[in-house]
Amino acid sequence: MEYTTEMRNRLKRIEGQVRGVLRMMEQEAHCKDVVAQLSAVRSAVDRAIAVIVSSNLERCIREELQKGDEEGAKKVVKEAIQLLVKSR
(Lines give C-alpha, C1' and ligand atoms only; values in the text may rest on other atoms or scores of the structure.)
Protein backbone atom coordinates (compact mmCIF):
# COMPACT_ATOMS: atom_id res chain seq x y z
CA MET A 1 0.00 0.00 0.00
CA GLU A 2 1.35 3.38 -0.96
CA TYR A 3 0.45 6.05 1.58
CA THR A 4 0.19 9.33 -0.28
CA THR A 5 1.17 12.81 0.78
CA GLU A 6 -2.54 13.61 1.04
CA MET A 7 -3.03 10.80 3.56
CA ARG A 8 -0.02 11.87 5.61
CA ASN A 9 -1.17 15.50 5.59
CA ARG A 10 -4.61 14.50 6.84
CA LEU A 11 -3.02 12.70 9.77
CA LYS A 12 -0.75 15.64 10.53
CA ARG A 13 -3.81 17.92 10.67
CA ILE A 14 -5.49 15.44 13.03
CA GLU A 15 -2.37 15.45 15.18
CA GLY A 16 -2.59 19.25 15.32
CA GLN A 17 -6.24 19.04 16.30
CA VAL A 18 -5.43 16.66 19.15
CA ARG A 19 -2.67 18.99 20.37
CA GLY A 20 -5.23 21.80 20.28
CA VAL A 21 -7.62 19.78 22.43
CA LEU A 22 -4.84 19.12 24.94
CA ARG A 23 -4.11 22.86 25.09
CA MET A 24 -7.80 23.53 25.65
CA MET A 25 -7.79 21.07 28.55
CA GLU A 26 -4.67 22.68 30.04
CA GLN A 27 -6.43 26.05 29.81
CA GLU A 28 -9.48 24.47 31.44
CA ALA A 29 -11.77 25.22 28.52
CA HIS A 30 -15.44 24.48 28.91
CA CYS A 31 -16.34 20.78 28.60
CA LYS A 32 -18.74 21.52 25.74
CA ASP A 33 -15.94 23.11 23.69
CA VAL A 34 -13.51 20.24 24.35
CA VAL A 35 -16.12 17.66 23.36
CA ALA A 36 -16.94 19.61 20.19
CA GLN A 37 -13.26 19.56 19.21
CA LEU A 38 -12.95 15.86 20.01
CA SER A 39 -15.96 15.22 17.81
CA ALA A 40 -14.21 17.10 15.01
CA VAL A 41 -11.12 14.92 15.53
CA ARG A 42 -13.27 11.79 15.32
CA SER A 43 -14.82 13.01 12.06
CA ALA A 44 -11.38 13.75 10.64
CA VAL A 45 -10.16 10.27 11.59
CA ASP A 46 -13.24 8.72 9.95
CA ARG A 47 -12.51 10.65 6.75
CA ALA A 48 -8.84 9.59 6.84
CA ILE A 49 -9.88 5.95 7.19
CA ALA A 50 -12.25 6.31 4.25
CA VAL A 51 -9.53 7.85 2.06
CA ILE A 52 -7.04 5.11 2.94
CA VAL A 53 -9.51 2.25 2.45
CA SER A 54 -10.90 3.63 -0.81
CA SER A 55 -7.44 4.23 -2.24
CA ASN A 56 -6.36 0.71 -1.31
CA LEU A 57 -9.63 -0.71 -2.66
CA GLU A 58 -9.13 0.98 -6.01
CA ARG A 59 -5.56 -0.31 -6.32
CA CYS A 60 -6.51 -3.85 -5.33
CA ILE A 61 -9.48 -4.01 -7.70
CA ARG A 62 -7.34 -2.80 -10.59
CA GLU A 63 -4.75 -5.50 -9.82
CA GLU A 64 -7.38 -8.24 -9.65
CA LEU A 65 -9.07 -7.14 -12.87
CA GLN A 66 -5.72 -6.95 -14.68
CA LYS A 67 -5.19 -10.57 -13.67
CA GLY A 68 -8.69 -11.31 -14.99
CA ASP A 69 -9.88 -12.40 -11.55
CA GLU A 70 -13.40 -11.05 -11.01
CA GLU A 71 -13.90 -13.24 -7.95
CA GLY A 72 -10.72 -11.78 -6.45
CA ALA A 73 -12.07 -8.28 -7.10
CA LYS A 74 -15.33 -9.17 -5.32
CA LYS A 75 -13.33 -10.52 -2.37
CA VAL A 76 -11.35 -7.27 -2.18
CA VAL A 77 -14.58 -5.25 -2.09
CA LYS A 78 -15.92 -7.40 0.75
CA GLU A 79 -12.69 -6.97 2.71
CA ALA A 80 -12.83 -3.18 2.24
CA ILE A 81 -16.41 -3.09 3.48
CA GLN A 82 -15.43 -5.13 6.54
CA LEU A 83 -12.59 -2.69 7.26
CA LEU A 84 -14.98 0.24 7.12
CA VAL A 85 -17.52 -1.49 9.34
CA LYS A 86 -14.85 -2.40 11.91
CA SER A 87 -13.58 1.18 11.96
CA ARG A 88 -16.96 2.46 13.18
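## Salt bridges along the helices

There are six salt bridges in this structure, which is a predicted model. Let's walk through three of them: Glu 6 with Arg 10, Glu 63 with Arg 59, and Glu 64 with Lys 67.

Start in helix α1, which covers residues 5-26. Here the side chains of Glu 6 and Arg 10 pair up, with N to O at 3.6 Å. That falls inside the cut-off, because a salt bridge asks for the nitrogen to sit within 4 Å of the carboxyl oxygen. As for how the two line up along the chain, Glu 6 and Arg 10 are four residues apart in α1, so about one helical turn separates them. Glu 6 has a relative accessibility of 45%, so this residue counts as partly exposed.

Now hop over to helix α2, residues 31-66. Arg 59 and Glu 63 form a salt bridge there, and their closest N and O atoms are 2.8 Å apart. The spacing is again four residues, so about one helical turn lies between Glu 63 and Arg 59. How accessible are the two partners? Glu 63 is partly exposed at 36% relative accessible area, and Arg 59 is partly exposed too, at 31%.

Last stop: Glu 64 and Lys 67, whose side chains meet in a salt bridge at 3.3 Å, N to O. Is each partner buried or exposed? Glu 64 has a relative accessible area of 14%, so this residue is buried, given that buried means under 20%. Lys 67 reaches 60% relative accessibility and therefore counts as exposed, the cut-off for that being over 50%. This salt bridge, then, joins a buried Glu 64 to an exposed Lys 67.

Methods: Residues numbered from 1 in each chain as written. Predicted model: local features only at pLDDT ≥ 70, side-chain atom pairs only at ≥ 80, totals over all residues. Heavy atoms only, no water. Buried < 20%, exposed > 50% of the residue type's maximum accessible area, 1.4 Å probe, protein only.
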